[in-house]
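User: Hi! Could you teach me how to read the packing and pairing features of a protein model?

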Amino acid sequence: PPMPPHANWYERVLLPRLLDLACGTRPVRRQRAKVVPQAEGEVLEVGIGTGLNLPFYDRARVRRIVGVDPALQMHPLALRRVAATGISVELVGLSAERLPLQDLSFDTVVCTYALCSIPDAPAALAEVRRVLRPGGRLLFCEHGRAPDESVRRWQHRLQPLWGPLAGGCRLDVDVPALLTAAGFDAAVESRYLPGPRFASYHYWGVATVAAPGSGAATR
C-alpha cells in the first residue's frame, strides 16, 4: 500500500534497506539461529519487519506464522522471504500494542530486535501474554542496556541522534526488567556482540508467563 504523504523518502525507501542490512549482519544472524528455530505450532512474530527471521524457522515444527509490524514499507522485502519459507505466513500492518488477535491463540511468540522500537513496549508485552496459550513461550533476542557505566553514558548521549535515524530505536532498554515487569519468567543470556559497544550488548532467551506469586508483575 502507498505510504502516507507525510512519510519522507528516508522513512519510505532508505530506512528499511538500512535496517535490513544492520539486522542481517553475521553476528546478528547467529543470534537469530539460536532463538528462532525453537518456535513451534502457531507462531506470532512481533516486528517481522523485512522478514529476516523467516529463513530460520523449522518448517517441520511450525504450522503458521502471523507477522505483525506497523512499518508497511518494509513488507515488500518480507514478501520475497515469505515465498521461500514453505510456511503459511500472514502479514499484519499494525503495531503490537493492540493486537487484533484472540486470547490464548499462539503457541510461540517470536520477538527479535523489536522491543527497542515499539513505542509502548509494556503494552506490547501485555498483549503477548494475552495471546499466548498455557505453556506457550516467548522467544526473544534484543540489544539493550549495557552493563558498563561508561557504555551506558554513551548510550544516553547518542540516543537523541540515534533514535530518529534508526526508526525510533532505543539503545538502553533493560530487557530483563521489562520482561519481569510484564509478568514473564525469563531465562536470559547476555553478552557483547562484535560491533559498536553502545549498540551491541545483547539479551536473548526464552520467557514464559510467570506463575502467581513468583515475583514477576501481573495484570
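Analyst: Happy to; we will go through rings, helices, cores and salt bridges in turn. Keep in mind that this is a predicted model.

User: Let's begin with aromatic rings. How many aromatic pairs are there, and how is such a pair described?

Analyst: A pair of aromatic rings is described by the distance of the centres and the angle of the planes. Here the count comes to three aromatic pairs. In one of them, Tyr-192 and Tyr-201, the ring centres are 4.8 Å apart and the planes stand at 75°, so this pair is edge-to-face. Tyr-201 also pairs edge-to-face with Tyr-203, with 5.2 Å between the centres and 80° between the planes. Ring pairs thus join Tyr-192, Tyr-201 and Tyr-203 into a cluster. Tyr-192 and Tyr-201 are both buried, and Tyr-203 is buried as well.

User: Which charged residue lies over the face of Tyr-192?

Analyst: That is Arg-197, at 3.9 Å from the ring centre. Elsewhere, Arg-157 lies over the face of Trp-154, at 4.9 Å from the ring centre.

User: Now helices. Which residues of α2 are buried, and why do they line one face?

Analyst: The general idea first: an α-helix has 3.6 residues a turn, so residues three or four places apart point the same way. In helix α2 (residues 26–35), the buried residues are Pro-27, Val-28, Gln-31, Arg-32 and Val-35. Seen down the axis of α2, they fall within an arc of 145°, so they line one face of the helix. Arg-26 and Arg-30, on the other side of α2, are exposed.

User: How many residues of α4 are buried?

Analyst: Nine of its eleven residues are buried, so α4 is largely enclosed by the rest of the structure. Among the buried ones are Leu-125, Glu-127, Val-128 and Arg-129. The buried residues of α4 pack against β1, β4, β5, α6, β6 and β7.

User: Which residues of the largest nonpolar core touch the most other members?

Analyst: To read a core, look for its best-connected members and then for the elements that supply it. This core has 36 residues, and Leu-44, Val-46, Val-109, Leu-125, Leu-138 and Phe-184 touch the most other members. Helix α4 gives the largest share of this core, five residues. Another core, of 18 residues, lies apart from it and includes Val-35, Val-43, Ile-48 and Tyr-113.

User: Is Leu-139 buried or exposed?

Analyst: Leu-139, in strand β5, counts as buried, at 0% relative accessibility. Its C-alpha is 7.1 Å from that of Val-36, although the two residues are 103 apart in sequence.

User: Finally, how many salt bridges are there, and what does Arg-63 do?

Analyst: For a salt bridge, check the N to O distance and then where the partners sit. A search of the whole structure finds eleven. Arg-63 forms one with Glu-42, the closest N and O atoms being 3.5 Å apart. Arg-63 is in strand β2 and Glu-42 in strand β1, so the pair ties together parts that are 21 residues apart in sequence. Arg-63 is exposed, with a relative accessible area of 54%, whereas Glu-42 is buried, with 15%.

User: Where is the salt bridge of Arg-152 and Glu-149?

Analyst: Both residues lie in helix α5, three residues apart, about one turn of the helix. Their side chains meet at 2.6 Å, N to O. Back at Arg-63, salt bridges that share partners join Glu-42, Arg-63, Arg-64, Glu-90, Asp-107 and Arg-133 into one network.

Definitions and conventions
Residues numbered from 1 in each chain as written. Predicted model: local features only at pLDDT ≥ 70, side-chain atom pairs only at ≥ 80, totals over all residues. Heavy atoms only, no water. Phe/Tyr/Trp six-rings, centres within 6.5 Å; stacked < 30°, edge-to-face > 60°. Buried < 20%, exposed > 50% of the residue type's maximum accessible area, 1.4 Å probe, protein only. Lys NZ or Arg CZ within 6 Å of the ring centre and 35° of its normal. Helix = DSSP H or I, 4+ residues; strand = E, 2+ residues; numbered from the N terminus. Arc of directions from axis to C-beta. Core = buried A, V, L, I, M, F, W, Y, C linked by side-chain atoms within 4.5 Å. Contact = heavy atoms within 4.5 Å. Salt bridge = Lys/Arg side-chain N within 4 Å of Asp/Glu carboxyl O.
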